[in-house]
Amino acid sequence: MRSARFWIILAVLFAANILISNLLTSAGQPPTVTISYNSFLDQVNAGNVTSVTSTGESITGVAKTAVKDSSGTSSTKFQTQRPAFATDDLETLLIGHKVVMNAKDPNASTPLWETLLFSFGPTILLVIGFLYLSRRAAAAGAGGILGSFGQSRARLYDAEKPSVTFADVAGIDEVKADLQEVVDFLREPQKYQRLGGTVPKGVLLIGAPGTGKTLLARAVAGEAKVPFFSIAASEFVEAIVGVGASRVRDLFSKARAAAPAIIFIDELDAIGRSRAAALRVGGNDEQEQTLNQILTEMDGFDSREGVIVLAATNRADVLDPALLRPGRFDRRVTVQPPDRRGRAEILRIHSRHVVLAPDVDLDQVASQTPGLVGADLRNLVNEAALGAARKGEAAVTMADFAEAIERTLLGTERKILLSDLDRERIAYHESGHALLGLLVPGADPVKKVTIIPRGQALGVTLQSPIDDRFNYGEDYLRARLVGALGGRAAEKIVYGVVTTGAENDLLQVTRIAQQMVVRWGMSPKVGPLNYGDSDGAAFQQRTYSEGTAQLIDEEVRRISEECLAEAERLLQEHRSQLDALTRALLKSDSLDEAEILEVTGLKAQTEQRVSVPPDGQRQQALRTGRT
Ligand code: ADP
Ligand code: MG
Ligand code: ZN
C-alpha cells in the first residue's frame, strides 16, 4: 500500500540525484570544447588564450573569446591533446603570448575524497533519502511503508497524560473495582514492593466494541497520574516486516524509563490471534514477529518496575494461548454492555454539557435502549443535541431523544419511490414479523413497525426486550426464529411466491439456528456439546467428524424449517389480523406499539424472562427488513 506521496518523493530524490551529479562534475561552468592542436596553436598565435594547464600531453585552457569546436559548439574553456611527435617549442610560444602556464602531475590521482564523492555521492544521497523515508515509515508503523509519511506520528512514541478518570466511566463499576488495584499499585509502587506482593504485569480487557475498554485504560492512567503509552495492534497488520517488533521494543523501553507507567495495546486480537488457528496462507510474519516481541518484552521485565501492560480485545476466545500464560495477561477483566442503570449513568455523563429541557428523563431513555453500549449512548446524546439544534430549539427535549433513538435503532430514513405493489408486499412482510412478535409466546414486544425505507431496509419491525436479558432460553430463541421468518411466511401465504426481500432475515435465522446447534446444545441429535466458536458460523478448524458436520447441517435445517412452518401456520390462522395490520400500515406508513395492538386487537406480551446476549455479544434490537 504505497501512497502516491511515496512515489513523488522517490521521483524528486532521483531528479535531485541526477542534478547533483551534474553539478559535481561541471560545477556550473561553461562546457569544455575539444579542439584540434592546430586550432589551439592558431588561438595562441591570435593572442586569444589566457591560461593553459597541462596534464601530461593533454592541455586544457581558457580563452578570451569563445572558441568553436568542429561541431560548432563554442566555449571559453577548451581542451586539446598535444601530439607526442610534436616538436614545436610550445613553451616559448606561450611565453611570447603571455599565456599563464600550469601543470598537473599526470600520475597524481585525484584526491580520494573527491573520487569517492564523485562516484558514490549520488548513491549515498539516495541511500540516505531511503533511510530517512523508511525511518518515517517505521515511526508511522501502520499502513505499510510510507503509508502515512509526512504525518506526525509522535503520539505513538510519546507518553500521554490522560485527563480522564474513573468519573468519566459509568455503568461498569465491577470493572472499575478490578482496576482500582492497578491504580493503587501505580500510585504507590513502594508500598506493594515492601510487602512482597506481586501485581499482575498484564491485564486484558475483554468486551464488545464500544463498551469503553479504551476509555477505561486511559482512565486508569488518569487516575494513577502516570504516563500512558499506547499502540493499536491493528496498525501492524500491514506494516513492513520488522516495524512492529521494533516499535514494541521502543515502546517498552520508553515506558520502563518513565515508570511508573501504563502500556496499552489496543485491539490485541489483530495480532494475537492464535497462531495455530486460522487458515493462514503462508502465515503473517509481521504479525507473528510483533506478537513474539510483545511476549519477549513482557517476560523481560518485572512488574515491580512499575510498568503495567493493559490490552483490549473484542475476542478473547481467538487469542493465542501464549498471551494468556502466567506472567503475561494473566488477569482478565470482562467489560459487559451496561444494564439499564448503567445506561442511565452513561447518558448522564455524556449530557453533562448538553442543555436539557426539564421534560428529559434519562432513566426513561435508558429503559428504551437495551443493548446499546457506551459509544452508542454517546452518539445518541449527540444526535439528540444536533436534532434540537437543527430545529432551533433552546434545549434538547424528550422528543429529540425519541427521534434519536429511532434513528439509532432503525437507521435513517431514505427517500425512494416504490410501486404500489412493492409497498403492499413490504407491508405484508413487515406485518408478518410484527404479528408473530405478538403471537409467539416469549417474543420480544413489538415497539414499532414501518414501511418507510431506512438504511438498507425497505421496511423495519422493531422489537426490543422489556429489560436487559442475561440468558437466552430455547423457547425465546425459537420465538425469534419464528418472528424472523414471519416476513417470508407472510409473502408466501399472500402471494404464493417468495422474494429476495428476506435475505437479512435468513441470515439472522441461520446464525441463531447454527448457534443453537453447535454452541448451546439445543439439538438432541447433536447433543450437549459445543463445537463452535463465538462466531457460530466460523468453523475454521473442525474439531468434529464429517458425520457430525452433516448432522449439524441437518439439525440447523430442521430447526429453521420447523420455525418456518410454525410461522406459516400462525399467520394462516390469523389471516384477518395480518390483512388488517397491512391495511393500517399502507395507510399510515408507521405504527407504534399501541396502534399495532389496537389494529390487531391483541394484547401485549407481559411475561418476560430476563436475559442478555451470551458472552457479552451485542444484543441487537430485532430489526427485520426487506433489503
Ligand atoms: P471500546 O474501546 O471498548 O471499543 P471506547 O472506549 O473506544 O470503547 O468507547 C468509545 C466512547 O464511548 C468513549 O470514548 C466514551 O465516550 C463512550 N463510552 C463507552 N463506554 C462508556 C462508559 N462505560 N462510560 C462512559 N462513556 C463510555
Ligand atoms: Mg477501543
Ligand atoms: Zn423481514
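## Reasoning from cut-offs in a predicted model

Tutor: In this predicted model, a salt bridge joins the side chains of lysine 448 and glutamate 406, with 3.0 Å from N to O.

Student: What makes the contact of lysine 448 and glutamate 406 a salt bridge?

Tutor: The N to O distance is 3.0 Å, and the rule asks for a side-chain nitrogen of Lys or Arg within 4 Å of a carboxyl oxygen of Asp or Glu, so the pair of lysine 448 and glutamate 406 qualifies.

Student: Why can this pair be said to tie together parts of the chain?

Tutor: Lysine 448 belongs to strand β11 and glutamate 406 to helix α15, which spans residues 398-410, so the bridge ties together parts that are 42 residues apart in sequence.

Student: Is lysine 448 buried or exposed, and how do you know?

Tutor: Lysine 448 has a relative accessibility of 16%, and buried means under 20%, so lysine 448 counts as buried. Its partner glutamate 406 has a relative accessible area of 27%, and because that value lies between 20% and 50%, glutamate 406 is called partly exposed.

Student: How many salt bridges does this rule give in total?

Tutor: The count comes to 25 salt bridges.

Student: Which helices are linked by the pair of arginine 478 and glutamate 562?

Tutor: The side chains of arginine 478 and glutamate 562 meet at 3.1 Å, N to O, and because the cut-off is 4 Å, this too is a salt bridge. Arginine 478 sits in helix α17 and glutamate 562 in helix α19, so that the pair links distant parts of the chain, 84 residues apart.

Student: Why are arginine 478 and glutamate 562 called partly exposed?

Tutor: Arginine 478 has a relative accessible area of 22% and glutamate 562 has 34%; since the partly exposed class runs from 20% to 50%, both values fall within it.

Student: What separates glutamate 555 from arginine 558 in helix α19?

Tutor: Glutamate 555 and arginine 558 form a salt bridge of 2.9 Å, N to O, and because they are three residues apart in helix α19, about one helical turn separates them. Glutamate 555 has 2% relative accessibility and therefore counts as buried, the limit being 20%, whereas arginine 558, with 27%, is partly exposed. Through salt bridges that share partners, Glu474, Arg478, Glu555, Arg558 and Glu562 are joined into one network.

Student: What is found in the largest nonpolar core?

Tutor: The largest nonpolar core holds 51 residues, and those with the most contacts inside it are Leu436, Leu481, Ile552 and Leu571. Among the elements that give two or more residues to this core are α16 (420-439), β11 (446-450), α17 (474-495) and α19 (546-573). Helix α17 supplies the largest share, ten residues.

Student: Which residues does leucine 571 contact, beyond its neighbours in sequence?

Tutor: Leaving aside neighbours within four places in sequence, leucine 571 is in contact with Gly432, Leu435, Leu436, Gly486, Ala489, Ala490, Ile493 and Leu578. Apart from this core lies another, of 28 residues, among them Ile172, Val182, Tyr192 and Ile308.

Student: What makes strands β2 and β3 a pair?

Tutor: Six bridges join strand β2 (residues 49-55) to strand β3 (residues 58-68), and because pairing asks for at least two bridges, these strands pair; they run antiparallel. Valine 52 stands opposite glycine 61 in β3, and in the hairpin of β2 and β3, with two residues between the strands, glycine 56 takes a positive phi near 60 degrees.

Student: How many bridges join β3 to β4?

Tutor: Seven bridges join β3 to strand β4 (residues 74-81), and these strands run antiparallel. Serine 75 in β4 is the bridge partner of valine 67. In the hairpin of β3 and β4, which has five residues between the strands, glycine 72 takes a positive phi near 95 degrees.

Student: Why can leucine 116 take part in a surface patch?

Tutor: Leucine 116, in helix α4 (residues 112-140), has a relative accessible area of 40%, and because patch residues need over 30%, leucine 116 meets that condition. The nonpolar patch, of about 510 Å², is made by Leu112, Leu116, Phe120, Ile124 and Ile128.

Definitions and conventions
Residues numbered from 1 in each chain as written. Chains lettered and ligands numbered in written order. Predicted model: local features only at pLDDT ≥ 70, side-chain atom pairs only at ≥ 80, totals over all residues. Heavy atoms only, no water. Patch = residues over 30% accessible without salt bridge, like charges linked within 9 Å, V, L, I, M, F, W, Y side chains within 5 Å. Areas by Shrake-Rupley, 256 points an atom, 1.4 Å probe, with all protein chains shown as cover. Helix = DSSP H or I, 4+ residues; strand = E, 2+ residues; numbered from the N terminus. Buried < 20%, exposed > 50% of the residue type's maximum accessible area, 1.4 Å probe, protein only. Core = buried A, V, L, I, M, F, W, Y, C linked by side-chain atoms within 4.5 Å. Contact = heavy atoms within 4.5 Å.
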